[in-house]
Amino acid sequence: MDIEAQIFLQSQRGQFQSNGFRGFYTFNFGDYQAENREPIGKLLALNDETLLPQCSWEVTVNEPVQIILLPLVGAVEINEGKGDVRYVDSGECLSLVVTPNDGFLITNPYPDQAINYLQIRVLDKEISLQNNATNTFDLNIKNTLIPILDADAGYGILVIGKYEGRKDGLYISKNPANCIFIFIIEGAFEVQNRLLEKRDGLSLKNVPELEFEALSNDAIILILETEN
């Protein structure tokens, strides 16, 4: 089968800003609706969000989803309204099952520092049993892909890697029929002969393996594989 590919440039993302919160949306989300920005497979959202000091933002959903929170700068405070508050720091990843009856509050706990994190939403109508899973990873281990979440979690595979300039890598798909989405957190990469820069995305289908090369030092790549 022919490879299906689509690039999502960071400059063409949707944007929303209000009350100390700013979000950039790779896919259609909320009031942002644009042509050729539909979700990819079960990947519903990949939002690049920033909260100013001491500000909060309520997260709600319209259907059962897995929400993956990946702090990039600083730590996020999570309050699910159940009496306990948790903190997720850089180098950690939190996955939550959220239904329309649930929701939670994200807060920036710092008095004078903005925080930046990714909010990833994956369709999960069967509701994974591995709710509230926190995983850690060490980006000081360079030039290799580090698993953050795996298929046993019920919704997909998520890996991350920090690479030195001109170092290359290979990702082997678990199933070529799946959707693979690549997101560049920092720096620039050449992925399947396509140039991707900071906060650009690329969706691929019918790809048994994915080749990439870092074009800058300390470049960070995120790869998510989900079912169609």
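## Strand 6 and its neighbours

Let's start in the sheet: Pro-71 stands opposite Tyr-117, a residue of strand 11. This is a predicted model, and strand 6 (residues 65-73) makes a good place to begin reading it. Strand 6 and strand 11 (residues 115-123) run antiparallel and are joined by 8 bridges.

Strand 6 also pairs with strand 9 (residues 92-98), again antiparallel, through 5 bridges. Here Ile-68 is the residue standing opposite Ser-95 of strand 9. How many of the 9 residues of strand 6 are buried? The count is 7, so strand 6 is largely enclosed by the rest of the structure.

## Aromatic pairs

Now to the rings. The model holds 10 aromatic pairs. One of them joins Phe-21 and Trp-57, which are stacked, with 4.0 Å from centre to centre and 5° between the planes. This pair links distant parts of the chain: Phe-21 belongs to strand 3 (residues 21-25) and Trp-57 to strand 5 (residues 56-59), 36 residues apart.

Are these two rings buried or exposed? Phe-21 has a relative accessibility of 1%, below the 20% cut-off, so Phe-21 counts as buried. Trp-57 has a relative accessible area of 23%, and therefore Trp-57 is partly exposed.

Tyr-25 and Phe-29 form an aromatic pair too, this one tilted, at 4.8 Å centre to centre with 50° between the planes. Tyr-25 and Phe-29 are both buried.

## An aromatic cluster

Which residues join Phe-8 in one aromatic cluster? They are Phe-27 and Phe-181.

How values were computed:
Residues are numbered from 1 along each chain as its sequence is written. This is a predicted model: local features need pLDDT of at least 70, side-chain atom pairs count only at pLDDT 80 or more; totals for chains, interfaces and linings use all residues. Side-chain values use heavy atoms; hydrogens and water are left out. Rings of Phe, Tyr and Trp (its six-membered ring) pair if their centres lie within 6.5 Å; planes under 30 degrees apart count as stacked, over 60 as edge-to-face and the rest as tilted. Helices (H or I, at least four residues) and strands (E, at least two) are DSSP runs, numbered from the N terminus. Buried means under 20% relative accessible area, exposed over 50%, partly exposed in between (1.4 Å probe, protein chains only). Two strands pair if DSSP finds at least two bridges between them.
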